[in-house]
Amino acid sequence: MPSVTAVSAVRIASTSVHEPVLAADDLASQLNHQHLGYVLFFCSAEYDLAGLGRALEQAFPDVRLSGCTSAGEITTRGYDRGSIAAIGFDSRFFSIDCALIREMDRFSLQDAQSLIDGLLTNCRNARLAPIKGNTFAITLLDGLSSREELVLATLNAALGSIPQFGGSAGDDERLANTHVFYGGRFYAGAATVLLVNTPLEFRVFSCHHMTAGHEKLVVTNACSDSRTVYELNAEPAAESYARAVGVATNELDRTVFALRPLGVKVGGHYFVRSIQCVNPDKSLTFYCAVETGIVMTTMTPESLLDSVREQLEISEDIVGPPLVTIGCDCFLRRLEAELTGEAEALSEFLSKHRVVGFNTYGEQFNGIHINQTFTGVVIGQPDAGSL
């Protein structure tokens with residue numbers, strides 16, 4: 001049976017019903033109440049998206065919705081597949097506005113400033129809380145656009161001190177069509193930006209579980225537009241990478257990519273750069289931007305569960321017991337958890353800590369596009385008697 005949990009200012013719902021109208025009605029039966037102000041959802045790409053979009057608009061006629069397709073969902077049951085996870089926000093505690101970026105490759109700093117100014121104005125008009133210290137942004141981007149870096153950099157400049165996190169839409173690991181939802185329909189090649197203003201305590205965070213190894217690989221030939229690396233250390237990229245991680249070139253597959261990614265050191269911290277595929281010419285295509293001249297380091301995984309536990313416990317020490325945690329978890333992390341036998345324990349932990357979200361094709365944190373991370377926001381509960 002679909003699950004629903006109602007605690008104070010949010011309601012959490014999920015459904016595994018696949019017929020669009022029935023699925024939308026199922027979610028509405030769990031989320032609808034007189035103060036419902038906004039619905040954020042993450043859905044499997046298995047759904048008839050056009051039909052689902054129409055059905056959701058009919059099921060929530062007076063409520064704005066946004067969301068995206070996923071490479072796996074995180075519901076109250078923990079890791080899920082073939083489902084829809086949704087969060088309903090109470091308008092007495094959350095002022096949320098959303099904007100669509102229709103053409104990611106033409107998104108300028110002027111566009112970003114205008115977009116953010118509009119969202120800020122609408123949040124201010126709700127008069128729930130001052131903007132400073134009470135506002136965060138959620139970005140949902142087409143995971144196959146190869147334009148995440150451009151959009152995030154311009155948005156980050158416009159957001160200033162407002163923290164931001166998000167994820168790149170998936171399509172159940174098909175790597176064919178990913179979509180974001182806005183204004184009643186699903187869009188490809190687009191992005192949405194949500195601005196959330198709330199008097200509740202929250203903490204935006206990001207973590208990964210990789211440690212740097214000793215092998216260094218210099219990108220000596222790459223196409224940044226397609227995120228393809230042709231040469232590492234002046235050799236065919238696949239051959240050089242395979243030797244660095246100790247496997248034969250013909251053994252390279254998504255399992256190797258999940259367990260042995262590469263990292264780039266920026267500002268004293270390593271950010272993971274995950275490989276998407278090996279091409280016939282022995283080049284490597286990545287999920288994140290890569291450029292000629294950067295130095296990449298082999299990375300080794302530690303405990304997936306420990307890294308998430310540390311961040312959530314830090315967050316909960318600050319904001320108190322969680323009302324909800326919205327989480328963007330790389331699909332390669334989930335694959336790794338399944339390969340190493342950590343999936344069940346990690347899933348139970350996410351469920352216990354009220355995490356709702358999705359498995360992504362890339363994560364975003366304060367203007368940076370990253371891979372194989374878990375990023376999100378922990379939101380604390382209202383004071384007793386505030387409802």
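**Group meeting: a walk through the model**

Let's start in a loop: A176 touches L144 and D171, leaving out residues up to four places away in sequence. Before I go on, keep in mind that this is a predicted model. A176 sits in the loop between β10 (164–168) and β11 (180–182). Its C-alpha is 9.8 Å from that of G143, with the two positions 33 residues apart in sequence terms.

The loop between β10 and β11 also holds E173. What is the sign of phi at E173, a residue that is not a glycine? Phi is positive there, at about 65°. As for exposure, E173 has a relative accessible area of 26%, so it goes down as partly exposed.

There's another one of these at R354, where phi is near 60°, again a positive value in a residue other than glycine. You'll find R354 in the loop between α9 (343–352) and β24 (355–360). Buried or exposed, for R354? Buried, because its relative accessibility is 15% and the cut-off for buried is under 20%.

While we're on backbone angles, G246 comes just after α5 and has a positive phi of about 80°. Helix α5 itself covers residues 237–245, and seven of its nine residues are buried, so the rest of the structure largely encloses it. The buried ones are A237, A238, S240, Y241, A242, A244 and V245.

Okay, helix packing. Helix α1 (residues 20–31) packs against helix α2 (residues 49–59) at an angle of about 35°, and the axes are 8 Å apart. The crossing of α1 past α2 is right-handed. On the α1 side we have P20, V21, A24, D25, L27 and A28, and they meet G51, L52, A55, L56 and A59 from α2. Sorted by class, that contact has nine nonpolar residues, one polar and one charged.

Now the cores. The largest nonpolar core has 35 residues, and the members touching the most others are F89, F94, F136, I138, I326 and I379. Which strand gives the most to this core? That's β23 (residues 322–330), with four residues. A second, separate core has 23 residues, including A24, Y47, A55 and A86. You've just heard two of those names: A24 in α1 and A55 in α2 are both part of the helix contact.

Let me zoom in on I138. Setting aside neighbours within four places in sequence, I138 is in contact with L40, F165, T192, V193, L194, V196 and I326. I326, like I138, is among the core members with the most contacts to other members.

Next, S83, in the loop between β6 (78–80) and β7 (84–90). Its relative accessible area is 0%, so S83 is buried. What does the side chain of S83 make a polar contact with? The partner is the side chain of E73, at 2.9 Å. Not counting residues up to four places away in sequence, S83 touches T15, S16, F42, C43, S44, Y47, E73 and T75. Y47 is the one to remember there, being a member of that second core.

Last stop, P321, in the loop between α7 (304–319) and β23. This one counts as exposed, because its relative accessibility is 57% and exposed means over 50%. Again skipping residues up to four places away in sequence, P321 touches I379, G380 and Q381. I379 is one of those well-connected members of the largest nonpolar core. And if you want a long-range distance to check on screen, P321 and D80 are 24 Å apart, C-alpha to C-alpha, and 241 residues apart in sequence.

Key: Residues numbered from 1 in each chain as written. Predicted model: local features only at pLDDT ≥ 70, side-chain atom pairs only at ≥ 80, totals over all residues. Heavy atoms only, no water. Helix = DSSP H or I, 4+ residues; strand = E, 2+ residues; numbered from the N terminus. Buried < 20%, exposed > 50% of the residue type's maximum accessible area, 1.4 Å probe, protein only. Polar contact = N/O pair within 3.5 Å; in protein donor to acceptor, adjacent residues only side chain to side chain. Contact = heavy atoms within 4.5 Å. Axes fitted to C-alpha atoms, helices over the stretch in contact; angles between N-to-C directions. Left-handed = near helix turned anticlockwise from the far one by under 90°. Nonpolar A, V, L, I, M, F, W, Y, C, P; charged D, E, K, R; others polar. Core = buried A, V, L, I, M, F, W, Y, C linked by side-chain atoms within 4.5 Å.
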